[in-house]
Amino acid sequence: MSLDAFLRIGETATLGSHTFTAEEIKRFAAKYDPQPFHTDEEAARKSIFGRLCASGWHTCAMWMRYNLKYREQAARWDGPGPRPTFGPSPGFSNLKWLKPVYAGDTITFTRTALWHRPLASRPGWRLVSLRGGAFNANNEAVLEFENVILLKVE
Amino acid sequence: MTSKRWAYEDLTEGRVFDLGSRTVSREEILEFAGEFDAQPMHLDEEAGLKSLLGGLSASGWHTCSVFMRMMCDAFLLDSTTEGSPGIAELRWRKPVLAGDTLGGTSTVVSRRRLKSRPEMGLVTFRHVIRNQRNEAVLESENPILFRLRDPGAAE
């Protein structure tokens with residue numbers, strides 16, 4: 001099978017859905033982003049968000065959880081050669097937190113692979129470009145970003 | 001009026017915030033990775049050593065979250081911030097390995113008032129996080145919203 005088919009180049013894959021509870025929003029925020037609108041309902045009401053909402057980094061981390069799940073279970077590989085394996089990522093750009101993720105929101109995560117090319121500096125590795133997305137129950141985008149990631153292809 | 005120390009008016013171009021120092025423990029790396037990024041290089045010493053990262057390393061999203069906490073403690077919690085619309089650019093320059101101690105700075109590079117919300121302004125920062133060897137591990141540029149202390153005053 002081709003790498004294009006393995007990565008589903010140009011297709012938007014649905015990675016899964018997650019309901020953000022107030023409890024987990026507060027738990028993440030207490031560790032990493034203890035701004036009042038992520039830790040306290042009353043303070044959130046007075047902020048521009050109007051209600052308790054998740055740290056933007058919490059939404060990003062949850063995207064990663066569902067991205068991995070998809071990578072391990074849904075993406076089929078029937079050769080030739082060993083299954084390509086993902087490595088680290090050098091970073092991301094144009095990340096936008098478009099709408100708040102409120103307590104109780106069910107968020108659906110997506111991933112679109114855009115292209116892949118050989119990495120001149122590391123033989124056997126390719127660079128894959130992805131677009132990540134997340135949508136609430138009204139199908140409003142809450143998160144989008146562009147990401148590149150290394151892929152080992154033998 | 002606000003009782004917070006840092007409002008839009010204080011965030012002039014060139015102002016630098018020291019983000020303090022924070023050690024990223026093995027336990028914390030395992031806990032974050034177990035919940036959000038369960039790849040072998042973030043969960044297992046051996047797998048980390050064999051990976052391009054060269055050791056048990058924090059998820060990039062974990063490094064972002066630690067960076068967020070450092071900004072909160074350094075200045076955001078004592079500011080008029082109302083959140084951020086996003087991240088223009090973020091680079092994971094080097095792996096963050098178990099036991100690394102991170103430090104860094106956030107520097108104001110530009111700012112503007114919002115036409116749609118005259119009581120607020122958008123401040124763009126350049127952030128650099130370094131390890132104990134003074135190597136940059138994370139670099140980023142992003143805008144953050146802050147309320148004005150005194151929206152009525154002429155700037």
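Chain B contains 4 helices and 5 strands, where helices (H or I, at least four residues) and strands (E, at least two) are DSSP runs numbered from the N terminus. Read from the N terminus on, the elements of chain B follow the order β-α-α-α-α-β-β-β-β. The model is a predicted one, in which local features need pLDDT of at least 70 and side-chain atom pairs count only at pLDDT 80 or more, while totals for chains, interfaces and linings use all residues. Residues are numbered from 1 along each chain as its sequence is written, and chains are lettered from A and ligands numbered from 1 in the order in which they are written.

The C-alpha trace of chain B spans about 60 × 30 × 25 Å along its principal axes. Of the 155 residues of this chain, 40% count as buried; a residue is buried if 20 or more other C-beta atoms, placed from the backbone, lie within 10 Å of its own, exposed if 12 or fewer, and partly exposed in between. Contacts, defined by C-beta atoms placed from the backbone that lie within 7 Å, often link distant parts of the sequence: among those in chain B between residues at least 6 apart, 72% join residues at least 24 apart.

Helix α1 of chain B (residues 26-36) gives a helpful view of burial. Its residues I29(B), F32(B), A33(B) and F36(B) are buried. Seen down the axis of α1(B), these buried residues fall within an arc of 95 degrees, so they line one face of the helix; the arc is that of the directions from the helix axis to the C-beta atoms. An α-helix has 3.6 residues a turn, so residues three or four places apart point the same way. The face turned away from the buried side of α1(B) carries the exposed residues E27(B) and G34(B). On the buried side, the residues of α1(B) pack against α5 (56-73) of chain A as well as α2 (40-43) and α4 (60-74) of chain B.

The largest nonpolar core has 65 residues, and those with the most contacts inside it are W63(A), F67(B) and M71(B). Such a core is a set of buried Ala, Val, Leu, Ile, Met, Phe, Trp, Tyr and Cys residues joined through C-beta atoms within 7 Å. Helix α4(B) supplies the largest share of this core, 8 residues. Leaving aside its neighbours within four places in sequence, M71(B) is in contact with L19(B), L76(B) and S106(B).

Where the two chains meet, the contact takes 27 residues from chain B and 25 residues from chain A. On the side of chain B that touches chain A, the largest share, 8 residues, comes from α4(B). This side of chain B divides into 16 nonpolar, 6 polar and 5 charged residues. Strands also link the chains: 5 bridges join β3(A) to β2(B), which run antiparallel, with G86(B) in β2(B) as the bridge partner of K96(A).

Some backbone details in chain A complete the picture. Most residues other than glycine have a negative phi, and most peptide bonds are trans. N94(A), in strand β3 (residues 91-97) of chain A, has a positive phi of about 50 degrees although it is not a glycine. The peptide bond from G79(A) to P80(A) is cis, with omega near 5 degrees, and P80(A) lies in the loop between α5 and β2 (85-86) of chain A.

Terms used: Ala, Val, Leu, Ile, Met, Phe, Trp, Tyr, Cys and Pro count as nonpolar, Asp, Glu, Lys and Arg as charged, and the others, Gly among them, as polar. Two strands pair if DSSP finds at least two bridges between them.
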